[in-house]
Amino acid sequence: MYSIVSTAIIRGINSMPVQVEADVSDGMPMFEMVGFLASEVKEARERVRTALRNSGYVLPAKRITINLSPANIKKTGSGFDLPVAVAILAALGIIPGESLSEVLIAGEIGLNGNVQPIEGILPIVAEAKDHGFTRCIVPFKNRIEAEIIRDLPVTAVKSIKEVIAFLNGDDAQSCENTDLSGNHGKSYEDLDSSWETGQFQEAAEIFRKTGQLHEAPDFSQINGQPLVRRASEVAAAGMHNLLMIGPPGAGKTMIAQRIPTILPPMCEPEQLELAKIYSISGMLMQESGMIKERPFRSPHHTITPQGLVGGGVSPKPGEISLAHKGVLFLDELAEFQKSTLELLRQPMEDKQIHLSRLQGSCSYPADFMLVAASNPCPCGAYPDMNRCRCTQSAIDRYLGRISQPLLDRIDICVETAQLTYEELTADKVNESSAAIRKRVCEAWELQKKRFEGSGIYFNSQIPADWLKEICGITQKEEDYLHDMYQLKNLTARSYHKILRVARTIADLSNSSRVDIGHLSEAFCYRSFDRTYWERW
């Protein structure tokens, strides 16, 4: 007998339908799988055989042939186990074939017949309706991400027996309720009582109020550094890339960690797109639904090129895609491998990464805000020559690890000076992230109206030939720009960056045009170059 079951395979952040065909016929007993299969898919043969036997269904001594179509696409992943098992059961008449016509099935199975979770369920379910399916059958542990898609019924199953019961019209199967709070079954009261018995009463109070063990990062916790705080606000308002240079302990990392708190909340399409990326990476299983906070990714400087931009034999998203619609923070920028940093140049321009491999090519979104931090020299003390013991050649080599083409893509560069004792211990109320976020949201709304229908969303993306018109430059500002261009020996790219940053500064002050004050502040954020230290 012949049967066909529908499933899907991941391509980028999208899915492609795959047909699992099963034929059970007389002949020499064998179990064969074809269709351009990766090793983990070929191994499904033994998993399925054993799982069916342990579920009470012994395969007959017949010739069983499984074909995964289309045959020109490499099949990878463990999500084909369940469709293959269902296809065989349908070919044997245990499951009615007509119940499979508009159902998409995906999942891995264990040797005991239990259905195991897989990566990438969200994009599979998200596009199932577009491919004509009316229901999806997924592993029980994948149900949270599957149910994000509200307009398509989803059946979550724990075992092969539950799949058979459902497809045969028996809806008596039950689903266990699980604790989605991440507290492993403990209630807030239980946690409170365990903490409050000792020295952790303050932590318990924070948890009771916020649901978190620690106070959330906020700009109100940052003392001093007014220039860097302002630069961070300007960068967030226009999605400009930011570089902070200063000695260790000046607060660069603390400030970077708080930048996501001043970015506007993500809209639902952004949340869904980001959730797809995390689903493919296998990082959504522990999340209780959609990712609602903008991501903050901070890879170590020893990261490989594949880890940063993605790739592998079966391509997976890298850190730049996991930071999509959020912040990618590169601490100790000069410590990264130069060849690894150079891979950022194309994604920073195109807002996506294209990966080509032997098995095919795919694209992942990479629309992130780059925030980087660096010491000024190997020891971090330069230009304080009383503390710095680095030679000029050592400093040049250290800074030379950051190429000029990469620096040209960073709009804002600021110095983070060492805090004084008075600044560090000042007893004053600093402006909160909520207050800064309000101004940033207003600037985003202005940009949204300005660029509506153009495919541009932020001032950092304004084409060069639009700048003068959008900035409203008059002759007075033109003369100022001319003088500064000659004085600072700017390049064309630097000139355009200054205008884009000035436009964002004007938006924060709710000004319809850019004036000299906005341009002057933008020049203060001039990107780092080889003449950065000349004033010393």
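The legends below describe close-up views of a predicted model.

**Figure 1. Overview of the chain in the predicted model.** The chain holds 23 helices and 18 strands. Of its 536 residues, 50% count as buried. Among contacts with a separation of 6 or more, 72% are between residues 24 or more positions apart. The views that follow take up helices 9, 19, 21, 22 and 23, and then single residues in loops.

**Figure 2. Helix 21, residues 475-488, and its buried face.** The 14 residues of helix 21 should span 20 Å at 1.5 Å a residue, and the end C-alpha atoms are 20 Å apart, so the expected and modelled values agree. Glu477, Leu481 and Met484 are the buried residues of helix 21. Seen down the helix axis, these residues fall within an arc of 70° and therefore line one face of helix 21. The cover over the buried residues includes helix 22 (492-508) and helix 23 (516-524). On the face turned away from the buried side, helix 21 carries the exposed residues Gln475, Lys476, Gln486 and Leu487.

**Figure 3. Packing of helix 21 against helix 23.** The two axes come within 10 Å and cross at roughly 20°. Because of this angle, helix 21 counts as roughly parallel to helix 23. The crossing of the pair is right-handed. From helix 21 the contact takes in Lys476, Glu477, Tyr480, Leu481 and Met484, and from helix 23 it takes in Ile516, Leu519, Ser520 and Phe523. Glu477, Leu481 and Met484 also make up the buried residues of helix 21.

**Figure 4. Asn489, the residue that follows helix 21.** Asn489 lies in the loop between helix 21 and helix 22. Its phi is positive, about 55°, although Asn489 is not a glycine. With a relative accessibility of 63%, Asn489 counts as exposed, because the cut-off for that class is over 50%.

**Figure 5. Helix 9, residues 226-238, a mostly covered helix.** At 1.5 Å a residue, the 13 residues of helix 9 should span 18 Å; the end C-alpha atoms are 19 Å apart, which agrees. Ten of the 13 residues are buried. These are Val228, Arg229, Ala231, Ser232, Glu233, Val234, Ala235, Ala236, Ala237 and Gly238. Met239 follows helix 9 and has a positive phi, near 55°.

**Figure 6. Crossing of helix 9 and helix 22.** The axes of helix 9 and helix 22 come within 9 Å and cross at roughly 100°. The two helices are therefore roughly perpendicular to each other. Helix 9 contributes Arg230, Glu233, Val234, Ala237 and Gly238, which meet Val501, Thr504, Ile505 and Leu508 of helix 22. Among the helix 9 residues in this contact, Glu233, Val234, Ala237 and Gly238 are listed as buried.

**Figure 7. Crossing of helix 19 and helix 22.** The axes of helix 19, residues 433-450, and helix 22 come within 9 Å and cross at roughly 115°. This crossing is right-handed. Arg439, Ala443, Leu446, Gln447 and Arg450 of helix 19 meet Arg503, Asp507 and Leu508 of helix 22. Leu508 of helix 22 also takes part in the contact with helix 9.

**Figure 8. Surroundings of Ser433 in helix 19.** Ser433 has a relative accessibility of 2% and so counts as buried, the cut-off being under 20%. Leaving aside neighbours within four places in sequence, Ser433 is in contact with Asp218, Phe219, Thr261 and Ile262.

**Figure 9. The cis peptide bond from Ser69 to Pro70.** Omega of this bond is near 5°. Pro70 is placed in the loop between strand 4 (63-69) and helix 3 (81-91).

**Figure 10. Glu332, a residue other than glycine with a positive phi.** The phi of Glu332 is near 55°. Glu332 is found in the loop between strand 14 (327-330) and helix 14 (338-342). At 25% relative accessibility, Glu332 counts as partly exposed.

Note on methods: Residues numbered from 1 in each chain as written. Predicted model: local features only at pLDDT ≥ 70, side-chain atom pairs only at ≥ 80, totals over all residues. Heavy atoms only, no water. Helix = DSSP H or I, 4+ residues; strand = E, 2+ residues; numbered from the N terminus. Expected span 1.5 Å × (residues − 1). Buried < 20%, exposed > 50% of the residue type's maximum accessible area, 1.4 Å probe, protein only. Arc of directions from axis to C-beta. Contact = heavy atoms within 4.5 Å. Axes fitted to C-alpha atoms, helices over the stretch in contact; angles between N-to-C directions. Parallel < 35°, antiparallel > 145°, perpendicular 65-115°, else oblique. Left-handed = near helix turned anticlockwise from the far one by under 90°.
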